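User: Please take one part of this structure and examine it closely, with the cut-offs behind each term stated. A single connected account would be preferred.

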Amino acid sequence: MNDTIIRNIKSLILPKKTDRPLRGREMDELNIIGDAMVVIDGGKVVYAGAETDGYEAEETIDAAGMIVSPALVDPHTHVVHGGSREHEMALKRQGVDYLTILEKGGGILNTVEQTRKATHEALFDKASKNITRMIQHGVLTVESKSGYGLDRENELKQLNVSREIAEKFPIEMKHTFLGPHAIPKGADSETFLNEMIGLLDEVKDISDFADIFCETGVFTIDQSRRYMEAANEKGLRVKIHADEIDPLGGLELAIEQDAISADHLVAASETGKSMLKDSDTVAVLLPGTTFYLGKDKFADARGMLDNDGAVSLATDYNPGSCVTDNLQMIMAIAGLKLKMTPNEIWNAVTVNAAHAIGADRGTLQEGDAANLVIWDAPNHEYIPYHYGVNHAHTVVADGRVVYERPGLL
Ligand SMILES: N=CN[C@@H](CCC(=O)O)C(=O)O
Ligand SMILES: [Zn+2]
């Protein structure tokens, strides 16, 4: 006797489980089974496929003709931070750009001030609200970066909050040390970078990855290489915020340093894009950020896919450049602005997002953790199409219902 059967599934979305990230044309292939069911026992998938009579369970969930997919994976967030920056919206409307705000001591540095002031408990309570919303929107795996401490005490505080969130919520998290996220006010960039490199030994026990913001006025390619080499030497796999605004060659550096992902890539060069095919570095695209910063030019997802690259999508939730924790919204922007197909989008927020953070998630094969979403939608194309609302009806984590859409009172 099994624990649960989910019956009456109109279509079951089954991304392919592979050792390497899906790339190029593979990303447009998605196994969708009509009239399906999922059998769960001990929190794991026993069967996911066409309706059959061969299984019994203690409990039956009626999917009522809705669709089911693996729970989503958000592979790039800055979910632990103090305060907010709504005042920057007006500045941006007046034409002041993102890097100018940072140069004047605002932007990331404003959030650093607010994060340093906040206690562990205050940061935990604040991030809990975002994580709750993410779960309600169908996300059960989240990458979470530090980077608003910029000193030992506060970077550790952020990472420890992130770890506590992972313990208390029914999600898997990956924790990323992003010490070199900005240069603190009045600090010398080389001295600060050395300080952050000096922390790698300590943070490697509580982090999964090391990340750096490689950008004009922040850290150069040479500095980023030095940091990534130091992290790799210590066995901490690297990520990079690369080519977001200026084409510095961050994607090429990511591939050279065997980064698990290179993120942003709006200004990535043709050379960088063509190098993707021979690497397992996942291009994590963040179109919600381009949208929120009011830019016209989006990352060249089609170029990357045509070059046989592996592409993923994330919210980049943070208080300055993308203030949404709704990954479904990002799926819509990817369809509209990155010109990705629905199949590519689904693979990008499930199996490839999992590859971008080294998580065994995003699929529903036999033996996988039963992390899935029942979506109130007629088909898989509908979710990126009907944008800005939550289509998640029921969210199941390790076989247990953790969210059900409430009705009107
Ligand atoms: N671009 C650098 N870091 C973040 C934004 C952080 C912030 O503005 O607070 C990003 O990925 O978009
Ligand atoms: Zn980021």
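Analyst: **From a loop residue to a helix and its surroundings**

R20 is exposed because 10 other C-beta atoms lie within 10 Å of its own; a residue counts as exposed at 12 or fewer such atoms, as buried at 20 or more and as partly exposed in between, with C-beta atoms placed from the backbone. The model is predicted, and local features need pLDDT of at least 70, side-chain atom pairs count only at pLDDT 80 or more, and totals for chains, interfaces and linings use all residues. Residues are numbered from 1 along each chain as its sequence is written, while chains are lettered from A and ligands numbered from 1 in the order in which they are written.

R20 sits in the loop that joins β1 (2–14) to β2 (31–41). Helices (H or I, at least four residues) and strands (E, at least two) are DSSP runs numbered from the N terminus. Between the C-alpha atoms of R20 and A332 there are 26 Å, with 312 residues separating the two along the chain.

The part chosen for closer examination is helix α7. Its 13 residues, 221–233, span 18 Å from the first C-alpha to the last, close to the 18 Å expected at 1.5 Å a residue; the expected span is 1.5 Å times one less than the number of residues. S224, Y227, M228 and A231 are the buried residues of α7. Viewed down the axis of α7, these fall within an arc of 95°, so they line one face of the helix; the arc is that of the directions from the helix axis to the C-beta atoms. D222 and E233, on the other side of α7, are exposed.

What do the buried residues of α7 pack against? Their partners are α6 (189–203), β9 (209–210), β10 (237–242) and α8 (250–256), where contact requires C-beta atoms, placed from the backbone, within 7 Å. Just after α7, G235 adopts a positive phi of about 80°.

The wider setting is given by the domain assignment, which lists domain 1 (2–70 + 363–404) and domain 2 (73–356); such bounds come from an automatic or database assignment. The C-alpha centres of domain 1 and domain 2 are 28 Å apart. Each domain contributes 32 residues to the contact. On the side of domain 1 that touches domain 2, β5 (67–70), α15 (382–385), β15 (392–397) and β16 (400–404) each supply at least two residues, and β15 provides the largest share, 3 residues.

Key:
Contact = placed C-beta atoms within 7 Å.
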